[in-house]
2 protein chains.
Amino acid sequence: MKKTAASGKRNLYAVIMAGGKGTRFWPLSRENFPKQFLRITGEKSLLQHTVERLGGLVQPRHFMIITAGKQNELVRWQTDGVLPPAAILSEPEGKNTAPAIALAAFRIHKKDKDAIMLVMPSDHHIKNPDGFADAVRKAAPSAAEGWLVTFGVVPTRPETGYGYIQAGKKMPGGAFKVESFIEKPDRKTADALIKKGSVYWNSGIFMFSAKAILSELKAHMPALYSAFAKIEKYLGTAKEAGALETLYKTLEPESIDYGVMEQSRKVVVQAVDFGWSDIGSWNALEEILEKDENGNVISGNALAVGSKGSILMSSGRLIASLGLEDMVVIDTADAILVCPKERAQDVRKVVDLLKSAGREEYILPRTEERPWGHFSVLEKGPSYQIKHICLKPKARLSLQAHNHRSEHWIVVSGTAKVQRGEEVFYVHRNESTYIAPTVKHRLENPGLIPLKIIEIQSGEHLGEEDIVRFDDIYGRNTV
Amino acid sequence: MKKTAASGKRNLYAVIMAGGKGTRFWPLSRENFPKQFLRITGEKSLLQHTVERLGGLVQPRHFMIITAGKQNELVRWQTDGVLPPAAILSEPEGKNTAPAIALAAFRIHKKDKDAIMLVMPSDHHIKNPDGFADAVRKAAPSAAEGWLVTFGVVPTRPETGYGYIQAGKKMPGGAFKVESFIEKPDRKTADALIKKGSVYWNSGIFMFSAKAILSELKAHMPALYSAFAKIEKYLGTAKEAGALETLYKTLEPESIDYGVMEQSRKVVVQAVDFGWSDIGSWNALEEILEKDENGNVISGNALAVGSKGSILMSSGRLIASLGLEDMVVIDTADAILVCPKERAQDVRKVVDLLKSAGREEYILPRTEERPWGHFSVLEKGPSYQIKHICLKPKARLSLQAHNHRSEHWIVVSGTAKVQRGEEVFYVHRNESTYIAPTVKHRLENPGLIPLKIIEIQSGEHLGEEDIVRFDDIYGRNTV
């Protein structure tokens, strides 16, 4: 990470909101693999870029990534070696941003009364990280003075996909008093706003002192405030998870925008211009990825013949587009999306249909990340399943057994160290081994290059949940 | 096959032209798997339907399927048990329809001076086979009298994708003298033609006596005629293949339409109406497959959300279409085509690009048919390849060896009988075996249900051509 001297670094805390339902970027995102985990802009995921961007500003132990449910594990694997595990905080379930920020504020304020919180989503794109760091430094004094600073992006077009902030008079610190928040406008209203001026896109990035946000929560969301105040003593203790579990059952979902920002008189907007996008739909890729001479965004194995203004993303197989205009084609191992760009924001409708039909394509991606590497499902049959498994060098799966399935392993690259029952042996490239049901086993990559194996599972029940873990170096639950 | 009493059955010969480059129905069709082999309309391929349709009219030993190059094997496997192997005649290379028909005419006339030939493509669709049989019976007298009968389809719309035939005066046999052949018209011309009347679509289906077509070939394509006349003595003998090999190198490609039909004064058109389509592009599926209430043709795993007039074909994975209008989306294991319907006829451009780039997606389908069943490539890596292999009951691969690859086999369904070197043993479901390079081996399905195995090949060279056959029950070349 780049080391940048940051004013206020000692008491600056990063609060990254990493919830999400995985609908907007379906089929690349799934319920179990939402947008922030996607490697859309390169080798790193949006979450990893978010963490990296904050690296020069905030100490690792001052990070807090708020997530929910199973996504907790994905956050851990994607921040492994960069942030301490304690940086990850799981809500029992997502209840929109107000409860998440209240939780973060109470927790941080308990440790550090002078804390300044920099709150942001985990799945946005910022082209110019230095500009972002500058903006944080400029906003720090206003935040320290007790203002709730929102980052307002200087608009570059009459975008209808963002909310707007109408700025009022200039404050001494350089920010503007907020006159009003404006919901996503229609095109005519957006044109009028841009013409009128002094408006900014609402980025959803905030900076305030823990003290100030708590005070405004108390004033404008008193029920939420007092609910958290009652369990404050448990925060950061062994009783925290239980207390949150009970508390969250009683909470109404609410956004911080509606609950506090639109009500409070302490809100200012800091004008920023660091190449921001919320990547709100497939269309947004046009802003952040390179286009060819016909305005197509092409990622992976795709051929654009007489096509223009289209977004083509392949996960492997060839997409051949012929005469397309302003279309979106997204290919993944088990599902393809095809729609006009103007309908990309409606992908939710497809996801809702899949969800109500109980279709797996809604929940699981075919390639899943694990702390030891990843696997892809190549084919599923009625009583067998073929996986391509890739273990990072030195990675080690848990010592485990399955009740209902046997596993054949064929090494296609690298060397495997296998524990099977009491035996320990090596399996080399082009060799195979077999694990019978109920036999304790462990797979390890002792080598220096990735270990790739093809696994053929066979049995009457092939779900991931048929796993009994006896020991795990990644701290997952064992029996 | 339906037994229909057919007049002239004793001397009626079916000549089925089964060439094709696999471009129009890419990515489902490939150079090595052209349209006639596709099972577009159901369980049977277009070729199989063509053979079946003729079954009641023509004796099996009076069939001649003219094909070229490697497609010869596919024709054999798809007609196995229905037609004798001698029914298949390979041209050394495709030179359009005139040489193919000349070859058929010389060959048939050599055996049967009174032969009537019914010549047709292998990849058309005919909705009403009884109507087709009626048309053949009605045309027989004209053909026997020495006319070249073309089947002219009563047009149902001003189609611009077909050539037209302008009919003249009615003949005693019920056919019409042909006034002129009209190239594929533009829309305006097509409208005018339909309005004018007495026009028919040129189906490319012909009926004539061998004697008559030979006489017209002699008159209008004298070079072609005399080239074949010179090798007539070799036709049907062991020297035939060699003679054709030499002859074909000297032939110019030419269509029978241009070379004979448009020149001859002996051509009549028989009006027919049996639900014909040449299935000339993806759009034609609208005419022959069922549509949903929004006019979408959907085949396989596809979801049409707010979509209309579109053609969606999935080979497995989910196609989610959102807001599509008049689009074509075709998914196969290794390539997807997306284009507006009005551009479907330009798929050739994509294929040309792939061809010039030497891309495999142009040549090979991921699923290939074999006489013993079929296999699909699930994944290819730099030095391994995973295949799903399916053997029909009682099927038996050749006794073979590979120089460069080893093979792991895992049985996922059925029971395998394996010969490996001198050993013979059975491999049951969920068991595996290993074949080292250069070891002679044979795989057999001794059972009553399909045998499904997953094969992982490993080695430095994985092409299908690395196979040495020692014995083969399907008559393929052995060492």
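Strand β20 of chain A (residues 384-391) is largely enclosed by the rest of the structure, because 8 of its 8 residues are buried. Buried here means 20 or more other C-beta atoms within 10 Å of the residue's own, with 12 or fewer counting as exposed, anything in between as partly exposed, and C-beta atoms placed from the backbone. This is a predicted model, so local features need pLDDT of at least 70 and side-chain atom pairs count only at pLDDT 80 or more, while totals for chains, interfaces and linings use all residues. As for labels, residues are numbered from 1 along each chain as its sequence is written, and chains are lettered from A and ligands numbered from 1 in the order in which they are written.

**Around β20(A)**

- Helices (H or I, at least four residues) and strands (E, at least two) are DSSP runs, numbered from the N terminus.
- In a regular strand the side chains alternate between the two faces of the sheet.
- Here, Y384(A), I386(A), H388(A) and C390(A) point one way from β20(A), and Q385(A), K387(A), I389(A) and L391(A) point the other way; all are buried.
- On pairing (DSSP has to find at least two bridges between two strands), β20(A) runs antiparallel to β19(A), residues 373-380, over 7 bridges.
- β19(A) and β20(A) make a hairpin with 3 residues between them, and F375(A) has I389(A) as its bridge partner in β20(A).
- β20(A) is also joined by 8 bridges to β27(A), residues 451-459, again antiparallel, with H388(A) opposite I454(A).

**Domains of chain A**

- The assignment, which is automatic or from a database, splits chain A into domain 1 (9-277), domain 2 (287-351) and domain 3 (367-471).
- Between the C-alpha centres of domain 2 and domain 3 of chain A there are 35 Å.

**How the two chains meet**

- A turn of 179° and a shift of 0.0 Å along the axis lay chain B on chain A with an RMSD of 0.1 Å, using least squares on the C-alpha atoms of residues with pLDDT of at least 70 in both.
- That is the relation of a two-fold axis.
- In chain B, L378(B) has the C-alpha nearest the axis, 3.4 Å from it.
- The contact (C-beta atoms, placed from the backbone, within 7 Å) takes 42 residues from chain B and 42 residues from chain A.
- Strand β17(B), residues 335-340, supplies the largest share of chain B's side, 6 residues.
- Sorted by class, chain B's side has 25 nonpolar, 9 polar and 8 charged residues; Ala, Val, Leu, Ile, Met, Phe, Trp, Tyr, Cys and Pro count as nonpolar, Asp, Glu, Lys and Arg as charged, and the others, Gly among them, as polar.
- The copies meet through the same surface, because 100% of the interface residues of chain B are also interface residues in chain A.
- Strands pair across the chains too: β17(A), residues 335-340, and β15(B), residues 318-322, run parallel over 4 bridges, and L337(A) stands opposite A320(B).

**Nonpolar cores**

- A nonpolar core is a set of buried Ala, Val, Leu, Ile, Met, Phe, Trp, Tyr and Cys residues joined through C-beta atoms within 7 Å.
- The largest one has 154 residues, of which Y13(A), V15(A) and M117(A) touch the most other members.
- α3(A) gives the most to this core, with 9 residues.
- Leaving aside neighbours within four places in sequence, the contacts of Y13(A) include V58(A), H62(A), I108(A) and M117(A).
- A second, separate core of 86 residues includes M120(B), A143(B), I165(B) and A175(B).

Terms used
Contact = placed C-beta atoms within 7 Å.
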